[in-house]
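Subject: The structure, and what I found in it

Hi,

Here is the structure I promised you. Have it open while you read, and my notes follow below.

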Amino acid sequence: MSSASAAALNRNQNLSSAVREAEERYIVANPESQRLAQLATQRLPGGNTRTTVHFSPFPLYMASGKGSKLTDVDGHSYVDFINEYTAGVFGHSNSVIAEAVRQALAGGINLGAPTKHERLLAEEIQRRFPAMELLRFCNSGTEANLLALATARATSSKPAVLIFDGAYHGSILYFSHGGSPLNMKFEWITSTFNDLAKAKADIAANAGKLAAVIVEPMQGGAGALPADPAFLKGLRAACDEHKVLLILDEVMTSRLDPGGVQHLMGVRPDIMTLGKYVGGGMTIGAFGGRAEIMARFDPGRPDAYPHGGTFNNNVVAMAAGHAALTSVLTTEAQGRMNALGDRLRARLNDLARKLDVPMQTTGIGSIFGIHFHVGPTRNAGDLDRGEHGREQAVADLKKLFHLDMLAAGQYISRRIMGNLSIETSDVEAESFCQAVEEFLVSRGDVVRAAFPQS
Ligand SMILES: Cc1ncc(COP(=O)(O)O)c(C=O)c1O
């Protein structure tokens, strides 16, 4: 169907009939994904072992990936704008990483001993993030944050941790909408992201029991909401004043600059965490920071913190990460990817303004979040207030957008967060913008109708 006739057809629809029609189209187009999803429900709850990749009526099952593209089990091709939820910085078939993995495996799959690989990767991580004066590896970003928090609590002999509403630090450290029932039972003090006055007051009021403040330099799970640099700098000063450790969770954001967002914004943490791409696409986490804190992990010390972990130094992640960070994610490649993301966000915001649709694109560099929202987007509270009373309409808009983008060959998440890889081309970024433009034209009336006051 031409875009003009699609637009004419869609103009008369209301939101719920548009969603119903888009969902029917999706089901008809993806019989094999549907079949596989149904089979999986007999083994896995809801057919799923990773909530992030689930969406209704059933998720797409992917068959393969190459460069910047994915192919699903029904044979459709997509430009990948999920990129393994920001871990897939390198695209899907980087030959340098594949060779590093092959060579590591040829030497034996995990040797139950230290190897040179962990030192080499640690060296490169330290070069990029000087705040990591000493570091340790683990297996995921969640684990890195748990260990960072446990380290802060043990070092300070204080129990509490200040977190920010909307934060995502891992599957059991999830603080949106009142937090997850699965969360670790630490003593959490909840403050407001990008509200320095409140955060300073919360730190001062709880200083006696506060081990650490943990913060993402850009809240990823909340929808790519960047911290104001003055907010991060103010947290640094308040932590210094009250002798509280500052933990930067750069699991997602460190890809936004060779030195992470801490380098972009000029804030040095006491402890920081990494994960996702630093293992070259393999399973990994890392935590580290000031030498006098991390030195307690030296097993030769009488007072050493014990920290085992069967796969902490697994050779595949160590070797792949080293090759990826030293030979693939060069300063030039990283700079190009992030500059392309900056242009993409600017273009989407221009389109929304020009077409008068209440949509905003937030983010930094190569990570973006798209919001059907009017007003400020400083934190999760702003978004929640914007949705108040029409939560269902906003959820339906996200679903409609998502299904339309999939139909247009753009693989993006249901919560409408996206990111680029070093393989994403200018042409692919432009094709994404064109698909969004088509959505804004054909569905503009439906979106505006969900915002009667705008
Ligand atoms: C900021 C942040 N911290 C921690 C995590 C958890 O990392 P993992 O999924 O590797 O456990 C994530 C994952 O998305 C994240 O975005």
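To start with a small puzzle: which residue of β16 does Phe 368 stand opposite? Before the answer, two bits of housekeeping. This is a predicted model, where local features need pLDDT of at least 70 and side-chain atom pairs count only at pLDDT 80 or more, while totals for chains, interfaces and linings use all residues. Residues are numbered from 1 along each chain as its sequence is written.

The answer is Gly 418. Phe 368 belongs to β14 (residues 367-372), which runs antiparallel to β16 and is joined to it by three bridges. Strands here are DSSP runs of E with at least two residues, helices are runs of H or I with at least four, and both are numbered from the N terminus. Two strands count as paired if DSSP finds at least two bridges between them.

These strands belong to an open, antiparallel sheet of three, in the order β13-β14-β16. β13 (359-364) and β16 (417-419) each have a single partner strand, so one side of each edge strand has no neighbour in the sheet. On average, neighbouring strands are turned by 25 degrees against each other, direction ignored. (Axes are lines fitted to C-alpha atoms, for helices over the stretch in contact, and angles between N-to-C directions run from 0 to 180 degrees.) Helix α12 (residues 331-354) packs on this sheet, touching β13 and β14, and its direction makes about 165 degrees with that of β13. Contact means that the C-beta atoms of two residues, placed from the backbone, lie within 7 Å.

Now the seven-stranded sheet. It is open and mixed, with the order β4-β12-β11-β10-β7-β5-β6. Its edges are β4 (134-138) and β6 (187-191), each with a single partner, so each has one side without a neighbour in the sheet. Neighbouring strands are turned by 20 degrees on average, direction ignored. β5 (residues 160-164) runs parallel to β6, with five bridges between them, and Ile 163 has Thr 190 in β6 as its bridge partner. Helix α7 (residues 196-206) packs on the sheet, touching β5, β6 and β7 (210-215), at about 150 degrees to β6. Helix α8 (residues 229-242) lies across β7 and β10 (245-249), at about 150 degrees to β10.

There is also a ligand. Of the 15 residues around it, Ser 140, Gly 141, Thr 142, Val 251 and Met 252 come nearest; a residue counts if its C-beta atom, placed from the backbone, lies within 6 Å. Helix α6 (residues 141-156) gives the most to this shell, with three residues. By class, the shell has four nonpolar, nine polar and two charged residues. (Ala, Val, Leu, Ile, Met, Phe, Trp, Tyr, Cys and Pro count as nonpolar, Asp, Glu, Lys and Arg as charged, and the others, Gly among them, as polar.)

Elsewhere, helices α2 (residues 15-29) and α14 (residues 391-407) pack at about 35 degrees, with axes 9 Å apart.

Last, a hairpin: β1 (residues 62-66) and β2 (residues 69-72) run antiparallel, joined by four bridges. Gly 65 stands opposite Leu 70. Two residues lie between the strands, and Gly 67 takes a positive phi near 55 degrees.

For the whole protein chain, the count is 15 helices and 16 strands.

Cheers
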